[in-house]
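Colleague: Pick one spot in this complex and walk me through it closely. After that, carry on outward to the parts around it and to how the chains meet.

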Amino acid sequence: METIVSTEGLSKEYGGVFRVKHVDLQIREGEVYGFLGPNGAGKSTTMKMLLGLVKPTQGTVHLFGKQMNDKNRVEILRQTGALIESPSYYGHLTGMENLRVMQKLLDIPEKNLREALRIVRLENQAGKKVSHYSLGMKQRLGIAMALMRFPKLLVLDEPTNGLDPAGIEEIRELIKALPQQYGMTVMLSSHLLAEVDQMATAVGIIDHGELIFQNSLEVLRRKSAHYVAVRTQDSEEAARLLERYRPKREAGWLLLENLSDAAVAQINQQLVCSGVQVFRIEERQRSLEEIFLDLTGKEGAL
Amino acid sequence: MIRYLSLEFYKIRRRGVFLTALLLCGVEGAWTAYSVQSYFEENGANLIWNNLFTNLAMLHGLFLPLAIAVLSSRICDMEHKGDTWKLLGTAAEPMGKLYFAKFLCTFLLLTVTLVLELAALLTFAAWRGFPGPIPVGLVGKVFLGTMLVSVFVLALQQWIAMAVPNQLVALIVGMAGSFLGLVGALFPPQVRAFLPWCGYAELSSVQAVPLGDHEWQYLAMDPNIVPALLVFVLGIIVYFLGKRRLCRKEF
C-alpha cells in the first residue's frame, strides 16, 4: 500500500516552546487514521502543518510521495480536502451558495455539489442562510465542502463535533465507507475514543506534542495485557494473602496481571483454604480508554 | 484572474457593499453641487468648471478615505467572520491571487461609483447651463489623479482590514485619513509631502493669488498630477507589503 502521508521529525515551536516535537507520521492509502490526543496535545497544529497552513519549525511533510514546499503546495493540495477546527463558511450566503464559492474556486462539476449535500444530508437545508444553521448543520456543511472534490486524502479535525447521536452515527458510517466507496484515505482527530474505536483502522496517539503510539488498532489492543479480577467477601484479607502477586485494588476488586491458568487456580485454592469466600474470578482486557489513560495519564474521553 | 474576481463579486451578494459606497459618494456629489451652485450664484460662470473640480477634489479628500475604508472593511470582514482564509488556504489556491482579486473588486466598485458621481455632476453642470464644452482635459486629470491616490488608500485599508480582525481599527484609520485629506490643504507643502491623503487636494485647479489686504485673485491652473503619481507608487509598495503579509500568515 502506498504511503499517502509521511512526516519526518515534524516540529513546531511557538514562543520558545515546542507544541509538536519530532512527529513521524505514516498514513497508508485506504486507511482511516484516528489521530488521538488530549486537549492541547498538538493534533490541530500537526494537521495544519500537513496542509501547509502552518510552517513547520523543523522536519518535512510528504504527501502523495512529494515533499511539501511553497512551490508545489498548490498542486499537492488539489488532491486533499480538509475541515480544520471549526467549520468555515460565509454566514450571509446559503448552504448551496457556500458550496458554489468552492465550486467556482476549484472548478468542480455540479454533480459533486449535489452528491456532497446528499452524503451529509443537507439537501433540504441548502437554501437557508448559513447564519441560521445549527452547529451540527454547520459541521455537516464543513464536511461537505471538504468532500466536494472527492479528494484522495480527507483530513477532518473532530468531524462529529456538535452533532447529535444520530448525526454522529451517520458521519461515522460515512467515514468508514469512504475508502471503499470513493477510494479516499481519511485522517481524523477526535476526543471521543469510542468513536475512533469504531471508525479507525490505524491510530496515532499524540501527547504533549510527541507521537507516543502509532500502529493499527489491533496492535494497540494487543498492547494491553489480559488481567484477572477477583472479588471476595474480604478484599483486605485477600490482598494480604496475595501480596506477592502485587494486586491493585479497584472498587472492591483485586486486579492481578500476568497470571497463568495454574496461578489462577492456585490463588483460588489459597483464598478458599484461608477462609476467604471467592465471589467472582474474571478475565478482562483493557478498553481503548484505559490504554489511552495509561499512555497519556489523562482521561480518555473529554 | 477572471474566476477569482467573479468569485469576489459572488461573495459580496446581499451585503449592500455597492449601495454603501454609492450613498457616501452621493452625499459627496450633492455637497459639491451645492457648493458650486452657491459660487455660480455669486460669481457667475467665471472659472466655474475649475471651481467644480476643485471642490470635488477637496471633498474627495474628506469622503474617499472613509468610503474606501468602509468598502474594504465590508469585503474583507466576511473572511474573518467565517474564518474562511483557512478554508481558502486548504482549497489550494494561491493566496496572492485571492488578495489581488479582493483589491480589484474593491477598486472596480469604487471606480463605478466615482464614474456615476462624475456623470451626475456633469449632468448637473449641463442643467445649470455651465458655459462652453466640458473641459475633458481637466476632468481626465482630476479623475485619473483621484484613482491614483485611491490606489494607496485602498492598499493601506485592505492591508489593515485583512491583518486586524477588528474592523474598528480599519475604520479609525479611514477616519484619520479623511481628516488629513480635508485639512491637508492647510499644511505647508513640506508637511503635505508626507501625507499621501493630501494627494486629493493637490488636484486643485484653482490658484489663489493674494492681491493685498484680504483680497485674492483666483486663477485657473492645471491640476498637478505628479504628487498623485508619487502616491500611486507608494500605494503599489503598500499593496505588495500587505500581500506578502497575508501570504506568510499562518492559520
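**A leucine, a sheet and an interface**

Modeller: Let's start with B:Leu118, which sits in helix H5 of chain B, the helix covering residues 95-128. Keep in mind that this is a predicted model. B:Leu118 counts as buried because its relative accessibility comes out at 15%, and the cut-off for buried is under 20%. What does B:Leu118 touch once you set aside its neighbours within four places in sequence? The contacts are B:Phe53, B:Val139 and B:Phe143. For a sense of distance, take B:Pro210, 92 residues away along the chain: its C-alpha atom is 31 Å from that of B:Leu118.

Staying with chain B, let's turn to where it meets chain A. The two chains bury about 2600 Å² between them, with 60% of that on carbon and sulfur atoms. B:Tyr10, B:Thr90 and B:Glu250 together account for 23% of what chain B buries against chain A, more than any other three residues. In residue terms, chain B puts 26 into the contact and chain A puts in 33.

B:Glu250 turns up again in the charged pairs: it makes a salt bridge with A:Lys12, whose closest N and O atoms are 3.1 Å apart. Across this interface there are three salt bridges, and the count of residue pairs in polar contact is 15. On the chain B side, the elements giving two or more residues are helix H1 (2-11), helix H3 (48-81) and helix H4 (84-90). H4(B) gives the most there, with six residues.

Now over to chain A and its sheet. Six strands make an open sheet in the order S7-S8-S9-S4-S10-S11, with mixed pairing. Strands S7 (80-83) and S11 (210-216) of chain A each have a single partner strand, so one side of each has no neighbour in the sheet. On average, neighbouring strands here are turned by 15 degrees against each other, direction ignored.

Further in, strand S4 (residues 32-36) of chain A runs parallel to strand S10 (residues 202-207) of chain A, and four bridges join them. A:Tyr33 is opposite A:Ala202 in S10(A).

Two helices of chain A lie across these strands. Helix H5 (residues 135-147) of chain A crosses S7 and strand S8 (153-157) of chain A, at about 165 degrees to S7(A). Helix H6 (residues 165-182) of chain A lies across S4, S8 and strand S9 (185-190) of chain A, and runs at about 160 degrees to S9(A).

Methods:
Residues numbered from 1 in each chain as written. Chains lettered and ligands numbered in written order. Predicted model: local features only at pLDDT ≥ 70, side-chain atom pairs only at ≥ 80, totals over all residues. Heavy atoms only, no water. Buried < 20%, exposed > 50% of the residue type's maximum accessible area, 1.4 Å probe, protein only. Contact = heavy atoms within 4.5 Å. Pairing = 2+ DSSP bridges. Axes fitted to C-alpha atoms, helices over the stretch in contact; angles between N-to-C directions. Buried area = accessible area lost by both parts, 1.4 Å probe. Salt bridge = Lys/Arg side-chain N within 4 Å of Asp/Glu carboxyl O. Polar contact = N/O pair within 3.5 Å; in protein donor to acceptor, adjacent residues only side chain to side chain.
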